Amino acid sequence: MNKALIITGASKGIGLATATLFVEQGYRVINVSRSNCDVDGVTNINADLLKENWANECNTQLLNAVGEAEQCVLVHNAAMMTKETVGDITGSTLRDVLQLNVVAAAELNTLLLPKMSNGSSIIYISSTLGQKAVANTHAYVISKHAVIGQMRATCQDLAGSMIHTAAICPGFTETEMLSEHLGANPEIYEQITANIAHRRLAQPSEIASTIWFASQTPVINGAVIDANLGQIET
């Protein structure tokens with residue numbers, strides 16, 4: 001089986017869990033990231049997706065790594081979350097967040113679509129905050145709303161290509177990025193889990209399983225999939 005997963009940001013969290021699962025399923029896994037993924041069998045393409053010319057710097061290496069795969073799964077996972085409000089956000093912060101969370105995905109699509117044959121898929125990782133908002137996360141909320149629009153536009157543009165797409169919207173997931181954003185205050189975690197139907201954070205492996213399902217299921221083309229253990233509406 002010559003199937004390839006190309007994923008951004010597979011060194012930790014959801015990306016690491018996804019790389020691990022796809023390796024177990026027999027895929028060649030290619031991680032595009034500043035940091036290496038240490039899972040056996042993963043090819044690491046070192047790239048700083050925040051740089052405007054990142055694609056030019058790793059173009060040849062990435063395309064050679066993909067080779068002539070029978071099927072490609074492209075997962076846009078890399079993201080950054082910053083703390084700011086509408087009143088104090090800077091243009092440079094917003095540009096950086098959009099570059100990593102949205103623009104880099106578009107650039108990677110352009111690079112890899114010629115390699116993607118029938119049965120391939122493009123999976124975008126959005127967020128619960130791609131469909132609603134919370135305070136003090138202004139740039140991230142904007143970017144994750146944009147990711148859903150990006151997926152929907154992808155679906156329309158690829159009509160007839162037999163390449164399908166979906167956006168996964170994880171809820172609060174036990175990752176390094178969430179821990180860094182929230183800090184070590186246990187009261188914050190209690191407040192969060194109180195509004196989750198299962199009263200716990202999602203695990204990266206659970207989101208990885210959802211990504212796997214989406215990548216293998218063409219009937220959900222254009223779908224936005226919530227992966228949040230159930231949110232209690234207040």
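Buried means under 20% relative accessible area, exposed over 50%, and partly exposed in between, using a 1.4 Å probe on protein chains only. By that yardstick, Trp212 is partly exposed because its relative accessibility is 22%.

This is a predicted model, where local features need pLDDT of at least 70, side-chain atom pairs count only at pLDDT 80 or more, and totals for chains, interfaces and linings use all residues. Numbering runs from 1 along each chain as its sequence is written, and side-chain values use heavy atoms, with hydrogens and water left out.

Now for the rings. Rings of Phe, Tyr and Trp (its six-membered ring) pair if their centres lie within 6.5 Å; planes under 30 degrees apart are stacked, over 60 edge-to-face, and the rest tilted. Searching the whole structure turns up three aromatic pairs, including these two:

| Pair | Centre to centre | Angle between planes | Type |
|---|---|---|---|
| Phe22 and Tyr27 | 5.1 Å | 85° | edge-to-face |
| Phe22 and Trp212 | 5.0 Å | 70° | edge-to-face |

The Phe22 and Trp212 pair links distant parts of the chain, 190 residues apart: Phe22 sits in helix H1 (residues 13-24) and Trp212 in helix H7 (residues 204-215). Phe22, Tyr27 and Trp212 make up one aromatic cluster. Phe22 is buried, at 0% relative accessibility, and Tyr27 is buried too, at 5%.

On to the nonpolar cores: sets of buried Ala, Val, Leu, Ile, Met, Phe, Trp, Tyr and Cys residues joined through side-chain atoms within 4.5 Å. The largest one has 34 residues, of which Ile6, Val32, Leu49, Trp54 and Leu62 touch the most other members. A second, separate core has 24 residues, among them Val42, Ile168, Ala214 and Ala227.

Conventions
Helices (H or I, at least four residues) and strands (E, at least two) are DSSP runs, numbered from the N terminus.
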